[in-house]
2 protein chains.
Amino acid sequence: MSRQMVRPGGRSARVQAAVHTAVRELASEVGRDALTVPLVARRAGVTPSTIYRRWGDLQELLSDVAVERLRPDTAPGDHGALYADLAAWAEQFLDEMASPTGRSYIRDALLGDPDGSNAGQCSAYAAEQLGIVLSRAAGRGDDTPDVETVMDRVVAPLMYRILFRPDGLDAPYAHRLVAEVLGRTGP
Amino acid sequence: MSRQMVRPGGRSARVQAAVHTAVRELASEVGRDALTVPLVARRAGVTPSTIYRRWGDLQELLSDVAVERLRPDTAPGDHGALYADLAAWAEQFLDEMASPTGRSYIRDALLGDPDGSNAGQCSAYAAEQLGIVLSRAAGRGDDTPDVETVMDRVVAPLMYRILFRPDGLDAPYAHRLVAEVLGRTGP
DNA sequence: GGCTAAACGCAAACTCATTGCGTTTAGTGC
DNA sequence: GCACTAAACGCAATGAGTTTGCGTTTAGCC
């Protein structure tokens, strides 16, 4: 469960923001594996017990921060055609997720996540982006697959390889998945 | 890295077996989240320092045990036809992996795994099983997709949903994936 | 403005992780 | 077989991280 809906204003909000900022800063300074709760607490100007009470443990905190970082910050670009839109989106998705930091965020999001809501949020982000691309194509009069199909045929293979097979992942592979789900053999 | 190739005989082997057994027993008794290195060490009749020196930390130990548990213990069944073989394999795969304990094992295998070799091993297990099924079908004269295609079209979507979308996962979905990769609309 | 419960800080007590050192033992060569 | 070497282990001390009780602050709400 995300810890956002607890006393959204005032001190609680300041503490949450300070802790999240501390996690991001320290992760880039000392590395993600060197993070500890007392370290984050000192940087955020809080006591460790505050973090333990609100987030439970370090993994749940990192999971919260990871989901925040995995949220797309821009709408998918419009390149005039469905194939171009999907190919560009898949390429960007791959770039962000397959990088070492991206993998760390995915692992963290999957980890401290007892009920699976954080992981589900990541999936919802991708589905939302794909929904924009596909409805735009439908507005152009194109015959489009539905979001579920693209999730199964493009997102899932990319994520599976990111997590289980770090090799053989490149832009051509992503393009091929897009071409296949659109029923083409090439762009 | 798996810690199997260290002094395969005598005391070292006994310690390794005792520790692995202790992990499995305690995981089913007190739950996976309640496992600690000292707890496992006491059950196994060893000292915590032994575990720390050999496995590094709890996550790497759990990752080792998880990979061992995720290894298929039987060859995929022969049902006389490719669709039946693949459908049965996918259903069993789903049953084992989507259960709470299966999810825990997957998470553990992905986790304490700095170089990704344990996760890669899990993927290799699935590919190996699929290779048996597909080559058997080829021996019958069937026109079969290759292993990579089945990994992308069946295994990846199943695993993606197991990890990111715990809902909407059932045998009919697995059967549909198999039917689609075989170019059919049904069995 | 006052009330209530959540959120926080402080500090003690506890568990876990780490490491040096001596002992046991598996593997190897004679 | 017997000695030798280095890996593996046990023990114990040390340091770091985690948990919890209690008093204080404060956000949300009459």
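Student: In this predicted model, where does A:Gly141 lie?
Tutor: Start from the helices on either side. One is α7 of chain A, residues 117-139. The other is α8 of chain A. A:Gly141 sits in the loop between α7 and α8.

Student: Is A:Gly141 buried or exposed?
Tutor: The cut-off for exposed is over 50% relative accessible area. A:Gly141 has 60% relative accessibility, so the label is exposed.

Student: How many Å separate A:Gly141 and A:Ala119, C-alpha to C-alpha?
Tutor: In sequence, A:Gly141 and A:Ala119 are 22 residues apart. In space, their C-alpha distance is 33 Å.

Student: What is the order of elements in chain A?
Tutor: Chain A has nine helices. Its strand count is zero. From the N terminus, the order is therefore α-α-α-α-α-α-α-α-α.

Student: How many Å apart are the C-alpha centres of domain 1 and domain 2 of chain A?
Tutor: Take the bounds from the domain assignment. Domain 1 of chain A covers 10-56, and domain 2 covers 70-181. The C-alpha trace of the chain spans about 55 × 35 × 25 Å along its principal axes. The two domain centres lie apart by 30 Å.

Student: What percentage of the residues of chain A count as buried?
Tutor: Buried means under 20% relative accessible area. Chain A has 187 residues. The buried share is 44%.

Student: What share of the area that chain A exposes do carbon and sulfur atoms supply?
Tutor: Chain A exposes about 8900 Å². Carbon and sulfur atoms supply 52%.

Student: How many Å apart are the mean positions of the positive and negative charges of chain A?
Tutor: Chain A carries 21 positive charges. It carries 25 negative ones. Their mean positions are separated by 8 Å.

Student: Which residues have the most contacts inside the largest nonpolar core?
Tutor: This core has 85 residues. Its best-connected members come from chains A and B. They are A:Leu158, A:Phe164, B:Leu158 and B:Phe164.

Student: Which residues is A:Leu158 in contact with, leaving aside neighbours within four places in sequence?
Tutor: A:Leu158 is one of the residues with the most contacts inside the largest core. Its partners include A:Ala90, A:Phe93 and A:Leu94. The others are A:Leu169, A:Tyr173, A:Ala174 and A:Leu177.

Student: Which helices do the buried residues of α9(B) pack against?
Tutor: Helix α9 of chain B covers residues 171-181. Its buried residues are B:Tyr173, B:Ala174, B:Leu177, B:Val178, B:Ala179 and B:Val181. They pack against α5 and α8 of chain B, together with α8 of chain A.

Student: Which residue with a positive phi follows α9(B)?
Tutor: Its phi is near 75°. The residue is B:Gly183.

Student: Is B:His20 buried or exposed?
Tutor: B:His20 is placed in helix α1 of chain B, residues 10-30. Its contacts include B:Trp55, B:Leu61 and B:Asp64, not counting neighbours within four places in sequence. Its relative accessibility is 3%, so B:His20 counts as buried.

Student: Which residue of chain A does B:Gln59 touch, not counting residues up to four places away in sequence?
Tutor: B:Gln59 is in helix α4 of chain B, residues 58-70. At 29% relative accessibility, B:Gln59 counts as partly exposed. Within chain B, B:Gln59 touches B:Leu111 and B:Gly112. From chain A, the partner is A:Gln59.

Key
Residues are numbered from 1 along each chain as its sequence is written. Chains are lettered from A and ligands numbered from 1 in the order in which they are written. This is a predicted model: local features need pLDDT of at least 70, side-chain atom pairs count only at pLDDT 80 or more; totals for chains, interfaces and linings use all residues. Side-chain values use heavy atoms; hydrogens and water are left out. Helices (H or I, at least four residues) and strands (E, at least two) are DSSP runs, numbered from the N terminus. Buried means under 20% relative accessible area, exposed over 50%, partly exposed in between (1.4 Å probe, protein chains only). Accessible areas come from the Shrake-Rupley method with a 1.4 Å probe; for residues, only the protein chains shown count as cover. Lys and Arg count as positive and Asp and Glu as negative; His and the chain ends are not counted. The place of a charge is taken as NZ of Lys, CZ of Arg, CG of Asp or CD of Glu. Domain bounds come from an automatic or database domain assignment. Contact means heavy atoms within 4.5 Å. A nonpolar core is a set of buried Ala, Val, Leu, Ile, Met, Phe, Trp, Tyr and Cys residues joined through side-chain atoms within 4.5 Å.
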